[in-house]
2 protein chains.
Amino acid sequence: MDDKYKTLAAYLESAIPIVSKMGLTVVSMKERYVKLLMPISNNINHVGTMYAGSLFTLGEIMGGAIFVASMDMSKYYPLVKDVQIRYRRPAMTDITTEISLSVDRLTSIISALEARGKSDVPLELELLDSGGEVVAVMTGTWQVRKK
Amino acid sequence: MDDKYKTLAAYLESAIPIVSKMGLTVVSMKERYVKLLMPISNNINHVGTMYAGSLFTLGEIMGGAIFVASMDMSKYYPLVKDVQIRYRRPAMTDITTEISLSVDRLTSIISALEARGKSDVPLELELLDSGGEVVAVMTGTWQVRKK
């Protein structure tokens, strides 16, 4: 990762203490792209698979991370409005998710922000195990606001 | 709480290590009723309010806890299918949620379980701050299965 993104990744991994305890890791970050990993080791539940709330957290953090990777966070900040998660199968390995924003989509988000001071951004995520199987799908709406 | 429920509460608070680190607490448990609390102290986010994933966890654990308080868990077990959460306002205090199942509702869940081996149970929850304000609402579907 470029130094700029290393600094942002370190912030994302440490800014929220309980998320840091989960071991959330930024695997890759570049302009308009993020890949995150949640390790199973810190997040085992009572039946030996990854706890449902840790899977949720993996996707929820992405809703901030993708904006951190795409926009000037000295001018804007994201917040979460609503999230839906559907669990498909038990998560028995480390779990990853990735997302990218197109230039066109980012341009329209920033246009809305500059015009109205905020912009609702729906996101869809797949949470994948190490074999590439989808363990959960998430959809949600985040809102980016001007500071 | 009765001794039976003290034992079950201690299990709920300790069975999942990362949930234990959050400090999730069973405030009250009796037949077909549970009240849970998530302390803000362990769950502060980067802007000083409760992290969205910890709020989610409070409700997600309830989807197991209410069945633990209502049914014989040597015969049945719950799992989460899908959850929706809508964030209403920043959570700046400890947060609680409570739920009760009526005798009629429990009877119909157990009838479905005995007839088909499983029963889908939709639940609705309000997450309240210490002033009684709703900080988030959750709906979800849990499934109880026969062992």
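In this predicted model, B:N45 counts as buried because its relative accessibility is 11%, which falls under the 20% limit for that class. The residue belongs to the loop of chain B that runs between β2 (33-38) and α3 (52-68). Apart from residues up to four places away in sequence, B:N45 touches B:M50 and B:Y51 as well as A:A15 and A:I16. A polar atom of the B:N45 side chain lies 3.0 Å from the backbone nitrogen of B:G48. Between B:N45 and B:I61, which are 16 residues apart along the chain, the C-alpha separation is 20 Å.

In chain A, A:N45 is located in the loop between β2 (33-38) and α3. A:N45 is likewise classed as buried, because its relative accessible area is 11% and the class covers values under 20%. When neighbours within four places in sequence are set aside, the contacts of A:N45 are A:M50, A:Y51, B:A15 and B:I16.

**The α3 helices**

The helix that follows the loop of A:N45 is α3 of chain A, which spans residues 52-68. The axes of α3(A) and α3(B) come within 9 Å and cross at roughly 150 degrees. An angle over 145 degrees counts as roughly antiparallel, and α3(A) and α3(B) are therefore assigned to that class. The crossing of α3(A) past α3(B) is right-handed. On the side of α3(A), the residues that meet the other helix are A:A52, A:G53, A:F56, A:T57 and A:E60; on the side of α3(B), they are B:A52, B:G53, B:F56, B:T57 and B:E60. By character, the residues of this contact comprise 4 nonpolar, 4 polar and 2 charged.

**Arginine 32 in the two chains**

Most residues other than glycine have a negative phi. A:R32, which is not a glycine, has a positive phi, and B:R32 also has a positive value without being a glycine. The table sets out both residues.

| Residue | Location | Phi | Relative accessibility |
|---|---|---|---|
| A:R32 | loop between β1 (25-30) and β2 of chain A | near 65 degrees | 24%, partly exposed |
| B:R32 | loop between β1 (25-30) and β2 of chain B | about 65 degrees | 23%, partly exposed |

A:R32 counts as partly exposed because its relative accessibility is 24%, and B:R32 receives that description because its value is 23%; the class lies between the limits of 20% and 50%.

Note on methods
Residues numbered from 1 in each chain as written. Chains lettered and ligands numbered in written order. Predicted model: local features only at pLDDT ≥ 70, side-chain atom pairs only at ≥ 80, totals over all residues. Heavy atoms only, no water. Helix = DSSP H or I, 4+ residues; strand = E, 2+ residues; numbered from the N terminus. Buried < 20%, exposed > 50% of the residue type's maximum accessible area, 1.4 Å probe, protein only. Contact = heavy atoms within 4.5 Å. Polar contact = N/O pair within 3.5 Å; in protein donor to acceptor, adjacent residues only side chain to side chain. Axes fitted to C-alpha atoms, helices over the stretch in contact; angles between N-to-C directions. Parallel < 35°, antiparallel > 145°, perpendicular 65-115°, else oblique. Left-handed = near helix turned anticlockwise from the far one by under 90°. Nonpolar A, V, L, I, M, F, W, Y, C, P; charged D, E, K, R; others polar.
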